[in-house]
Amino acid sequence: MSRTTRVVLVLVLLAVTVSGCAINPVTGKRELSLVSPQQELAIGSEGYKAVAAEYGLYADPALQAYVDEVGQKVAKVSHMPTLAWHFTVLDDPVVNAFAMPGGYIYVTRGILAHMNSEAQLAGLLGHEIGHVTSRHSAQQLTQQQLYGLGLGVASIFSKTVAKYGDLAQQGLSLLFLKYIRDDEREADDLAVRYAAAAGYDPREIPATYVMLQRLGEGSGSRLPSFLSTHPDPGDRLNTTTALAQQAIQGKSNLAVNGRTYVQHLDGIAFGEDPRQGYFAGDLLYHPSLRFQMTLPTGWKHQNSRAAVASQEPGQKAVMQLSLANAGTLSPEAFAQRLVSAGKVAGAQGRAETIDGKPAWVGRLSIPQEGGTAAVMTAGWIRRADTLMFQVLGRSQQPGDADDAKILASLRSIRTLSDAARLNVTSDRVKVGKVAATGTLQATLQKLGATQPQYATDALINGLELDETVRAGTLLKWIVAGRH
């Protein structure tokens with residue numbers, strides 16, 4: 001017996017002794033688990049706070065309530081009907097949906113805009129509910145711990161994770177894990193069963209996989225975010241089609257509710273929200289936080305709700321702007337607190353004034369394995385009573401040309417006052433009734449849709465441009481915002 005095998009067996013025996021076995025709600029079988037149902041609830045609850053901070057909640061109470069209503073209806077016929085389920089729409093343009101332990105289900109506004117019926121939504125939510133009722137995340141956590149990996153490894157690949165507590169870290173780290181083939185098959189099967197049991201027509205579900213396939217093909221074969229954590233276990237279109245045909249046997253009056261669903265999408269934001277920051281060359285404009293910043297020329301820039309990152313093309317230097325959890329501390333006091341709390345080994349710098357605001361700029365010593373220390377350029381700017389910007393950067397050598405560019409970017413932060421840059425709006429989905437039967441392309445022309453968006457308009461309607469659209473049909477198309 002190899003040393004690795006012996007270690008794993010010892011861990012398994014220890015796990016059985018400490019945590020025992022758990023009953024899988026779906027199969028009714030006992031299974032080894034290092035994560036108790038109580039721990040799943042705690043991870044989900046703390047993870048919710050972290051997800052809300054990272055992605056943002058979509059500010060449409062009516063849409064939030066609608067998605068929750070459909071989700072609760074499906075959850076009540078699941079294997080865990082008494083669990084306190086939570087269904088949340090995230091303000092994220094990517095096409096994605098995911099589940100956290102404890103009954104926390106998330107869908108993005110991006111994936112909602114691409115679907116076309118309430119039954120299709122029920123299937124999507126049923127799929128995520130199935131991951132929870134089957135305890136797939138708990139099983140993955142158990143496997144990682146048994147093999148000594150832990151979620152600490154996953155957190156290394158997500159700088160955002162480190163900002164939160166242990167339970168929230170576990171929740172966010174789960175978003176980076178991929179479900180195995182059998183988990184996906186089980187979730188697909190449960191999606192069909194749950195949707196049908198809730199009174200929805202499961203034959204709408206395969207359309208989701210058609211949309212994901214078209215979206216992937218249209219983006220250069222790059223998988224949508226949904227498939228990055230839900231790897232395709234094969235021909236899911238054919239699989240769910242067959243499952244749906246079996247599920248409808250003996251059932252009648254199954255709901256589709258296409259018009260109801262599409263009506264709820266009228267006005268939903270589509271694509272990136274420029275109010276959360278956008279680039280004009282090397283200039284970053286952030287209307288929501290009312291600031292602008294000049295990033296290093298020629299560097300690669302990326303913006304998310306949580307941070308703005310910029311990287312030298314040869315990966316010799318990188319910098320990141322984010323918000324610091326500093327309360328009402330001054331920038332200088334915050335730097336000192338990091339040292340006294342042991343977060344950094346040392347901080348050398350001085351107080352400055354940037355854009356008329358108090359700031360601290362200097363260098364941090366970050367302990368590394370082997371007793372060495374990495375030096376990072378750092379700066380904090382107090383922008384408001386409870387708002388402080390944090391800039392962290394690193395180049396090959398402190399004081400080199402790239403380091404000078406990081407400092408120049410830090411000191412370039414200014415208040416955004418240009419009305420044209422402030423008053424930007426995102427693209428929106430518009431819903432309207434087709435007046436006369438015709439091809440989708442001809443109909444879009446009559447509706448005043450913009451030609452560059454025709455392919456996207458076709459995709460979000462689940463149609464082809466040469467396909468016939470009948471009079472009275474509700475159609476979606478993209479209306480450009482101001483940006």
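**Group meeting: helix packing, strands and salt bridges**

Let me start with a helix pair. In helix 3, the residues Y66, V67, V70, G71, V74 and A75 meet E118, L121, A122, L125, G126 and I129 of helix 5. Before I go on, please keep in mind that this is a predicted model. Helix 3 covers residues 61-75 and helix 5 covers residues 118-133; their axes come within 9 Å and cross at roughly 60°. That angle makes helix 3 oblique to helix 5. As for handedness, the crossing of helix 3 and helix 5 is right-handed. If you look at the spacing of contacts along a helix like this, remember that an α-helix has 3.6 residues a turn, so residues three or four places apart point the same way.

Now a second helix pair, towards the other end of my list. Helix 17, residues 440-447, packs against helix 18, residues 454-461, at an angle of about 115°, and the axes are 11 Å apart. So here helix 17 is roughly perpendicular to helix 18. Helix 17 also passes helix 18 in a right-handed crossing. On the helix 17 side we have L440, Q441, L444 and Q445, and they meet Y454, D457 and A458 in helix 18.

Let me stay with helix 18 for a moment. How many of its eight residues are buried? Six of them are, and helix 18 is mostly covered. The buried ones are Y454, D457, A458, L459, I460 and N461, and you will recognise Y454, D457 and A458 from the contacts with helix 17. What covers these buried residues? Helix 17 is one of the elements, and others include helix 4 (109-113), helix 10 (206-218), strand 6 (269-270) and strand 21 (474-479). Just after helix 18 comes G462, with a positive phi of about 70°.

On to the strands. I would point you to strand 16, residues 387-394, to begin with. Six of its eight residues are buried, so strand 16 is largely enclosed by the rest of the structure. Which strands pair with it? One is strand 12, residues 318-323, which pairs with strand 16 in the antiparallel sense over six bridges. If you want a position to find on screen, M319 stands opposite G393 of strand 16. Another is strand 15, residues 373-384, which runs antiparallel to strand 16 and is joined to it by seven bridges. There, A384 has L387 of strand 16 as its bridge partner. Strand 15 and strand 16 are connected by a hairpin of two residues.

There is also an open sheet to show you. It has four strands in the order 7-8-9-17, with antiparallel pairing. Strand 7 (278-280) and strand 17 (414-415) are the edge strands, each with a single partner, so one side of each has no neighbour in the sheet. In the middle of that order, strand 8 (residues 283-286) and strand 9 (residues 291-294) run antiparallel and are joined by four bridges. One pairing to look for is Y285 with Q292 in strand 9.

Last topic: salt bridges. The count comes to 12, and I will walk you through a few. R236 and E184 form one, with the closest N and O atoms 2.7 Å apart. R236 lies in helix 12 (residues 236-247) and E184 in helix 9 (residues 181-197), so this pair ties together parts that are 52 residues apart in sequence. Are these two buried or exposed? Both R236 and E184 are buried.

Next, E352 and R411 form a salt bridge whose closest N and O atoms are 2.6 Å apart. E352 is in strand 13 (residues 346-354), and R411 is in the loop between helix 15 (401-410) and strand 17, so the pair ties together parts 59 residues apart in sequence. E352 is buried, at a relative accessible area of 12%, whereas R411 is partly exposed, at 34%.

The side chains of R363 and D403 also meet in a salt bridge, 3.0 Å from N to O. This pair links distant parts of the chain, with R363 in strand 14 (residues 357-367) and D403 in helix 15, 40 residues apart. R363 is partly exposed, with a relative accessible area of 26%, while D403 counts as buried at 1%. And finally, D91, R109 and R305 are joined into one network by salt bridges that share partners.

Thanks, everyone!

How values were computed: Residues numbered from 1 in each chain as written. Predicted model: local features only at pLDDT ≥ 70, side-chain atom pairs only at ≥ 80, totals over all residues. Heavy atoms only, no water. Pairing = 2+ DSSP bridges. Buried < 20%, exposed > 50% of the residue type's maximum accessible area, 1.4 Å probe, protein only. Salt bridge = Lys/Arg side-chain N within 4 Å of Asp/Glu carboxyl O. Axes fitted to C-alpha atoms, helices over the stretch in contact; angles between N-to-C directions. Parallel < 35°, antiparallel > 145°, perpendicular 65-115°, else oblique. Left-handed = near helix turned anticlockwise from the far one by under 90°. Contact = heavy atoms within 4.5 Å.
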